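Please look over the assembly shown here before reading on. The paragraphs below go through an annotated segment, an interface between chains, and the overall make-up of one chain.

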Amino acid sequence: MQWWTLFQKELIENVRNVKWVWVPLVMILLAVMDPLTNYYLPQIIDAAGGMPDDTEIQLPEYQPADVVMMSLGQFSSMGVLVIALMSMGVISGERKSGVSELILVKPVSYLNYITAKWASLALLTLVAFSLGMLASWYYINLLFGALSFGALLQVLLFYGLWLLLIVSISIFYNTLVKTPGLVAFLTIATVMLMGLVTTIFSHILEWSPNRISTYIQQMLTTGSVPSDLTGAAIVTLMMIVFLIFGSVYTFRKKELAS
Amino acid sequence: MEEVSILSEINWAVIAPLLVIQGILLIVAAIDLIRIDRTNGPKWMWALIIVLINILGPIIYFIFGRRND
Amino acid sequence: MALVTVEKLSKKYDSSPAVSQTSFQLTSGKCVALIGPNGAGKTTTLRMLSGLLKPTSGTIAFAGMSQNSDIRNSIGYLPQHPVFFKWMTGKEFLVYVSRLAYLSKPEALRRAKNLLERVGLAESANRRISKYSGGMKQRLGIAQAMIHQPMLLMLDEPVSSLDPIGRRDVLTLMEELKEDMTILFSTHILGDADEVSDEVLLMHEGKIIESGSMGELRQKYQTAKIKLGFDGDLRDYQEKVTALPTVIECYIQRDVLHVTVQNMTAARHDILTAASSEEWPLTSFAVNRASLEDMFMKAVNS
């Protein structure tokens with residue numbers, strides 16, 4: 001009941017600060033940006049003055065799977081940035097402004113407080129991401145060829161898990177430091193570092209969350225879920241749970257006023 | 001001539017959603033800017049950014065212009 | 001009956017103590033003022049009582065509550081500069097915090113409505129908090145602190161940032177609230193404490209240096225002093241007054257003769273008798289009451 005009160009407040013706040021408008025729209029733009037530019041590349045080159053007559057423009061024939069990967073590629077860079085920026089102040093900002101002093105002297109359970117914040121961000125992120133992929137799917141079917149809805153759902157499920165991990169990392173840093181900008185920086189730095197470590201130790205880190213998108217590509221071309229993807233998904237899920245409980249733990253240990 | 005008309009027909013199905021998104025971003029950002037008490041930096045600056053920078057302007061405003069309190 | 005017993009409470013930041021080895025009790029049903037200059041450790045003490053800060057050492061015990069039960073159910077706290085969710089309306093905020101304190105929705109709505117009326121915000125109930133003035137925010141702050149009917153209401157400098165009208169509103173409100181709950185409020189303005197508190201705790205450099213009821217302290221720090229005003233040259237009468245047997249000391253300060261006496265009753269009699277028999281041109285006769293300021297300065301110096 002208290003959890004619901006906290007969660008509801010987060011939802012209303014994100015409606016009033018228009019996050020529920022701009023985050024989905026940005027995700028849609030990110031998802032359709034690369035597919036559209038690639039499709040219209042010949043016209044764009046023409047409009048820009050064209051190539052010398054004797055150059056033959058040889059554009060690759062994109063398969064639907066390739067186009068999905070274009071959208072996911074944008075989410076992996078700009079999408080992560082957007083999530084980090086829109087979530088950087090959810091807890092740290094309340095502590096910085098001092099409003100948490102009023103809230104947390106009420107008998108609020110820290111577990112409820114943290115998980116309600118997490119859930120509201122997770123919901124916004126997943127809805128925005130799904131709308132983005134739906135838009136991408138619309139253009140894929142319109143311009144590049146058919147992609148089954150089942151395949152789209154699988155992409156949403158596995159890549160959604162990766163985005164939830166980013167939300168969880170952000171929540172964790174929110175409980176650790178009080179400056180929103182620093183939270184965003186640490187979140188992005190952590191994701192980049194994880195990517196680096198995954199590349200360097202690729203032979204042992206086969207189930208690293210950072211490899212989810214690589215395995216999704218495999219899944220789309222082969223049509224079946226690779227076992228490494230299941231493994232990576234399980235590892236990601238465990239990390240999310242670990243981060244949530246870690247956040248509650250650090251928050252409980254923190255002095256709320258200082 | 002025929003080729004051009006075919007192209008413009010395809011263009012609408014592709015471009016219309018983008019135009020709608022751009023429009024919503026612009027309108028929501030403008031309304032929000034009018035209603036909000038304070039922004040980071042002067043309001044007129046954000047008004048220019050929202051109106052002049054296509055698509056990206058409103059987004060930059062939402063992330064950096066709004067005061068989160 | 002002691003509602004709260006604080007023993008040897010200390011708080012260190014980095015190594016400099018903000019509060020050191022402080023012990024005191026809060027009596028149930030009293031309005032207690034925590035007085036001290038800025039930086040004396042008042043806010044730190046209140047924050048420890050409210051659970052926002054963890055004491056470096058020492059204990060805080062609430063009567064009738066075990067060590068591991070959530071004391072936040074029984075306390076209300078208003079920080080010195082309360083910050084709200086500015087996008088909420090006053091009513092929404094009150095309903096929100098009372099829901100957090102496990103009140104049912106109809107009950108939360110009912111109390112929010114009552115309290116908004118009580119603190120004089122009924123007309124602004126549905127306005128965004130961002131449009132509230134400083135005094136309105138302070139009153140909303142008091143409302144949110146007491147909405148779950150705590151046993152102890154703690155207010156950190158509730159009036160010091162307010163203009164005279166806002167200050168008057170809040171002091172009147174505190175006067176009313178005294179009937180229902182124990183209040184502990186901090187202030188560095190002695191007059192405010194004098195006006196509403198039953199008991200005072202004087203805090204200086206992290207320690208409680210004096211405590212007691214206003215009456216007790218008045219008696220303890222009573223300076224037997226009489227101020228006399230004359231028509232004409234004061235120096236003519238200074239000698240005569242000094243010559244009286246009960247007078248210890250007599251000096252002139254800003255057109256007033258300050259007389260320190262041994263025994264107030266006897267001295268009053270001597271002075272008034274002399275004044276009437278010798279027909280002194282007295283313009284004023286005032287017995288000095290010990291002000292909180294005097295008490296505080298004395299307590300700090302001793």
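**From an annotated segment to a whole chain**

In this predicted model, residues 24-66 of chain B carry the annotation "domain: Cardiolipin synthase N-terminal", which comes from an unreviewed UniProt entry. Within the model, that span of chain B is 74% helix and 0% strand, and the C-alpha atoms at its two ends lie 17 Å apart.

A second place to look is where chain C meets chain A: here 25 residues of chain C are in contact with 19 residues of chain A, a contact being counted when the C-beta atoms, placed from the backbone, lie within 7 Å. On the chain C side, the elements that give two or more residues to this surface are α1 (42-50), β5 (75-78) and α2 (90-100), and of these α2(C) supplies the largest share, with 4 residues. Sorted by class, the side of chain C that touches chain A holds 15 nonpolar residues, together with 5 polar and 5 charged ones.

The partner in that interface, chain A, can then be followed as a whole. Chain A has 11 helices and 0 strands, so that, by the DSSP runs used to define elements, its order from the N terminus on is one α after another, α-α-α-α-α-α-α-α-α-α-α. The C-alpha atoms of chain A fill a box of roughly 75 × 40 × 30 Å along the principal axes, and 43% of its 258 residues count as buried. Among the contacts in chain A that join residues at least 6 apart in sequence, 81% link residues at least 24 apart.

Terms used: Residues numbered from 1 in each chain as written. Chains lettered and ligands numbered in written order. Predicted model: local features only at pLDDT ≥ 70, side-chain atom pairs only at ≥ 80, totals over all residues. UniProt positions renumbered as here; feature names shortened; annotations may be inferred. Contact = placed C-beta atoms within 7 Å. Nonpolar A, V, L, I, M, F, W, Y, C, P; charged D, E, K, R; others polar. Buried ≥ 20, exposed ≤ 12 C-beta atoms within 10 Å, placed from the backbone.
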